[in-house]
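Hi,

Here is the structure I promised to pass on to you. Have a look at it first, and then read my notes below.

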Amino acid sequence: MPLQGNEQYLSVGLGDRSYKIQLLDTLTADVLRPFAEGRSCMIVSDSTVADLYLGETFALLKAAGAASIATLAFEAGEESKTLATVESICRTAVARHLDRKSVIFGLGGGVPGDMAGFAAAIYMRGIDFVQLPTTLLAMVDSSIGGKTGCDLPEGKNLIGAFHQPQGVLIAADRLKTLPDEQYLCGLAEIIKCAAIMDEPFFAELEANVEKIRSRDDDFTRRMILKTCALKAKIVEMDEKEGGIRAILNYGHTFGHALEKVSEFSILHGQGVAAGMCMALELGEHSGLIPAEVVERQKALIRATGLPEKYDFNREQVYQALFSDKKTVGGKLRFVITPEMGRAEIVTFPPETVREYLGL
Ligand SMILES: NC(=O)c1ccc[n+]([C@@H]2O[C@H](COP(=O)([O-])OP(=O)(O)OC[C@H]3O[C@@H](n4cnc5c(N)ncnc54)[C@H](O)[C@@H]3O)[C@@H](O)[C@H]2O)c1
Ligand SMILES: [Zn+2]
């Protein structure tokens, strides 16, 4: 991992769409300059993040030589991930004279990141954007890989575009204000990546549960870098999810169903954690996953304070599996881990899933 001052970075190699993920102690004007100097900039954020970091980010962009800086902060939360918000971003961009050479900065978690990215993908048929993630989930997952989009009343992430950012600038000090339960949501995606791709990293997580629970700065940075590298590798192999990128959906088939049945009262990472446990149990039930693989993953999830299960109505959970956009033609697809550090995509007949659920 190249080291430079307070910065560590890695690259996402996608030909002319390649970019760097930079891990910094804090954001600086110097780091922003290559993206902002002489250009019309716009910062897209949410109300909570704007209160905390918009003023500082604005000042840094100014010091980095931005020609102009527009800002837009929508109300924090998934409810804002709508076409209406995208429209307001684009209309603000017009009002502030952003042109094809301008750049949008997504400042916040996955919601501002997806919004900024999607607006940048469609504004004037595509302009540059830079991710400034402030949640652990955004740092290790949503800001990397170019998936952008928004929700419809009918379901989450039903509209979107692939649009890679010009850069991902992770300022680790932003995590200081992040609530514990949001930190744990990011951790669920970290555990997911280790479980499907990297057994030694999984073992490192197991050996450092105390540091995880105390949110140790150095170990957090270590987890961010490692997970970004794993995600970058998958994105390089399969940018548009034609194949292997789908393994990143581990825990998400059941996870989305749990989120839906809870009427979104549980957080995404909580659904993913319990969803991984359910995929493990389903795999064990079908004779595809050895007991020790199941136990190791459940033990780590439990030890970190993430939920292992939810006692929602099982019939409703089953029905909710079919509303996931990744479920095709009535068949139920799951990512499973037949051994630690390796994933497979398998299709189960609905009866097997019903049987596992005790229905
Ligand atoms: N594009 C992708 O590849 C991808 C991948 C995973 C998830 N996502 C999307 O990401 C979203 C979830 O991301 P998220 O969990 O970051 O959600 P989020 O952006 O809503 O952030 C969660 C909460 O934390 C607050 N927050 C953010 N940073 C903070 C900070 N530093 N201090 C204090 N509070 C802070 C936010 O205001 C918000 O209330 C979902 O919409 C999901 O669909 C996208
Ligand atoms: Zn996820």
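A polar contact is a pair of N or O atoms within 3.5 Å. With that cut-off in mind, look at lysine 81: an N or O atom in its side chain is 2.9 Å from an oxygen atom of ligand 1, so the pair counts as a polar contact. Please remember as you read that this is a predicted model.

Two other side chains also offer an N or O atom to an oxygen atom of ligand 1: aspartate 46 at 2.9 Å and asparagine 157 at 3.2 Å. On its own, ligand 1 has 870 Å² of accessible area, and the protein covers 87% of that. Helices α2 (47-63), α4 (110-122) and α5 (136-142) are the elements that give two or more residues to the shell around the ligand.

Which residues are closest to ligand 1? They are Glu78, Thr134, Thr135, Lys147 and Thr177, out of 26 that surround the ligand. Sorted by class, this shell has 9 nonpolar, 9 polar and 8 charged residues.

Next, find helix α10, which runs over residues 252-261. Is it mostly covered or mostly open? It is mostly covered, with 8 of its 10 residues buried. Among the buried ones are Phe254, Leu258 and Val261, along with the charged residue Glu259. The buried residues of α10 pack against several elements, including strands β9 (155-162) and β11 (332-339) and helices α6 (180-197) and α11 (268-285). Just after α10 comes glutamate 263, with a positive phi of about 55°.

Enjoy exploring!

Methods:
Residues are numbered from 1 along each chain as its sequence is written. Chains are lettered from A and ligands numbered from 1 in the order in which they are written. This is a predicted model: local features need pLDDT of at least 70, side-chain atom pairs count only at pLDDT 80 or more; totals for chains, interfaces and linings use all residues. Side-chain values use heavy atoms; hydrogens and water are left out. A residue is near a molecule or strand if one of its heavy atoms lies within 4 Å of it. A polar contact is a pair of N or O atoms within 3.5 Å; within protein, one must be able to donate a hydrogen and the other to accept it, and residues adjacent in sequence count only if both atoms are side-chain atoms. Accessible areas come from the Shrake-Rupley method with a 1.4 Å probe; for residues, only the protein chains shown count as cover. Helices (H or I, at least four residues) and strands (E, at least two) are DSSP runs, numbered from the N terminus. Buried means under 20% relative accessible area, exposed over 50%, partly exposed in between (1.4 Å probe, protein chains only). Contact means heavy atoms within 4.5 Å.
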